[in-house]
Amino acid sequence: MDLYKSMAVSASGMKAQGTRLKVISENLANANTTAETPGDLPYRRKTVIFKNELDRAMDVDKVRVGKVDVDKSDFQRRFDPSHPSADADGYVLLPNVNTVVEAMDMREAQRSYEANLSAIDTARQMLTRTIDILRA
């Protein structure tokens, strides 16, 4: 039945967005970390790359996490010569995590998760109504 297929597709979207939220949480948790010693690199922001996957058994396209990749953008630099991981010029490398961007990404992932949940709920209601009609 097509309603089961739509529920499966939405469930795959929820799982993918759940992984995305986990990665965003990790980015936010490490937004202010620094390297332990001079010359080491701080935490590097991670991103989630989604991939289309054909479920041949159900004949539907589902979404899944293709991979979790790292953001290659430059690290932030802050002048703090007293910091233990400061370089010879007194600069400390900070993660390339922008908390505003992460908050926006989190909100987008949350909205997508909620939309998929709503689609599952709607399909469930339709199935329930169909069963009720068939029983009558």
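UniProt, in an unreviewed entry, lists residues 89-132 as "domain: Flagellar basal-body/hook protein C-terminal". In this predicted model, that span is 77% helix and 9% strand. Its end C-alpha atoms lie 74 Å apart. The record also lists residues 8-34, under "domain: Flagellar basal body rod protein N-terminal", again in an unreviewed entry. Here the chain is 81% helix and 0% strand. The end C-alpha atoms of residues 8-34 are 41 Å apart.

Asp59 is found in a loop. Strand E1 (46-55) and strand E2 (60-70) flank this loop. Most residues other than glycine have a negative phi. The phi of Asp59, in contrast, is positive, near 60 degrees. Asp59 counts as exposed because its relative accessibility is 57%, and the cut-off for exposed is over 50%.

The count of aromatic pairs comes to 1. Phe79 and Tyr91 form this pair, with an edge-to-face arrangement. Their ring centres are 5.4 Å apart, and the planes meet at 65 degrees. The pair links distant parts of the chain, with the two positions 12 residues apart in numbering. Phe79 belongs to strand E3 (residues 76-79), and Tyr91 to strand E4 (residues 91-94).

The two partners fall in separate accessibility classes. Phe79 has 53% relative accessibility, so Phe79 counts as exposed. Tyr91 has 32% and therefore counts as partly exposed. Tyr91 has a further contact, with a charged side chain. The charged end of Arg77 sits over the Tyr91 ring, 4.1 Å from the ring centre.

Notes. Residues numbered from 1 in each chain as written. Predicted model: local features only at pLDDT ≥ 70, side-chain atom pairs only at ≥ 80, totals over all residues. Heavy atoms only, no water. UniProt positions renumbered as here; feature names shortened; annotations may be inferred. Helix = DSSP H or I, 4+ residues; strand = E, 2+ residues; numbered from the N terminus. Buried < 20%, exposed > 50% of the residue type's maximum accessible area, 1.4 Å probe, protein only. Phe/Tyr/Trp six-rings, centres within 6.5 Å; stacked < 30°, edge-to-face > 60°. Lys NZ or Arg CZ within 6 Å of the ring centre and 35° of its normal.
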